[in-house]
Amino acid sequence: MLRSVVGVGSWASPALSWRAFGLGSIRDDPRAAVVTRLFAVRDLALGQAVRHSNPHVRTAALQVGVAVDAVDIVASLAALRKGAPKLTWMTFVGGAALFVGLGIAALADEEQANGES
């Protein structure tokens, strides 16, 4: 659900999501709204897929979400190494790590609900 909220919010108002993520004004780069909406639709699609009635679809969506968020952590750390603002990018690392943790917990719940070990 949280992933869908982030996706819808970022799609509906890229400028607001930029401020929420600590990126400053979106007016500094006119391409930013497009990139933000690309990110948003990814999160919206993954968020909706984990609500699917088929447990295999839910599991696959959770696995993809964990992988995507783990890669987001790597990308954010690479940005930090290149000199990106620490507070902003550590927020990204923290957010992605939160989604990784939530995804892993949800996968464990799915396995338990489906009687897997």
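## Packing of helix α1

In this predicted model, the buried residues of helix α1 pack against four other helices: α2 (14-20), α3 (32-49), α4 (55-81) and α5 (86-113). The buried positions of α1 are Arg 3, Ser 4, Val 6, Gly 7 and Ser 10. These residues lie on the same side of α1, because they cover an arc of only 160 degrees around the helix axis.

## Overall architecture

The secondary structure of the protein consists of 5 helices and 0 strands. Read from the N terminus, the order of elements is therefore simply α-α-α-α-α. The C-alpha trace spans about 50 × 30 × 15 Å along its principal axes.

Of the 117 residues in the protein, 30% are buried. Among contacts with a sequence separation of 6 or more, 59% join residues that stand 24 or more positions apart.

## Surface and charge

The protein exposes about 7,400 Å², and 67% of this area is supplied by carbon and sulfur atoms. As for charge, the protein carries 11 positive and 9 negative side chains. The centres of these two sets lie 11 Å apart.

## The surroundings of Arg 3

Arg 3 belongs to helix α1, which comprises residues 2-12. Is this residue buried or exposed? Arg 3 has a relative accessible area of 10%, and because this value is under the 20% cut-off, the residue counts as buried.

The side chain of Arg 3 forms a polar contact with the side chain of Asp 69, at 2.3 Å. Which residues touch Arg 3 when its neighbours within four places in sequence are left aside? Arg 3 is then in contact with Asp 43, Leu 44, Leu 46, Gly 47, Gly 65, Asp 69 and Phe 99. Asp 69 thus appears both in this list of contacts and as the polar partner of the Arg 3 side chain.

## Ala 15 in helix α2

Ala 15 lies in helix α2. Its relative accessible area is 26%, and the residue is therefore partly exposed, since the value falls between the limits of 20% and 50%.

Ala 15 can also be placed relative to Ala 32. The two residues are 17 residues apart in sequence, and the distance between them in space is 8.7 Å, taken from C-alpha to C-alpha.

Definitions and conventions. Residues numbered from 1 in each chain as written. Predicted model: local features only at pLDDT ≥ 70, side-chain atom pairs only at ≥ 80, totals over all residues. Heavy atoms only, no water. Helix = DSSP H or I, 4+ residues; strand = E, 2+ residues; numbered from the N terminus. Buried < 20%, exposed > 50% of the residue type's maximum accessible area, 1.4 Å probe, protein only. Polar contact = N/O pair within 3.5 Å; in protein donor to acceptor, adjacent residues only side chain to side chain. Contact = heavy atoms within 4.5 Å. Areas by Shrake-Rupley, 256 points an atom, 1.4 Å probe, with all protein chains shown as cover. Lys, Arg positive; Asp, Glu negative; His and termini not counted. Charge placed at Lys NZ, Arg CZ, Asp CG, Glu CD. Arc of directions from axis to C-beta.
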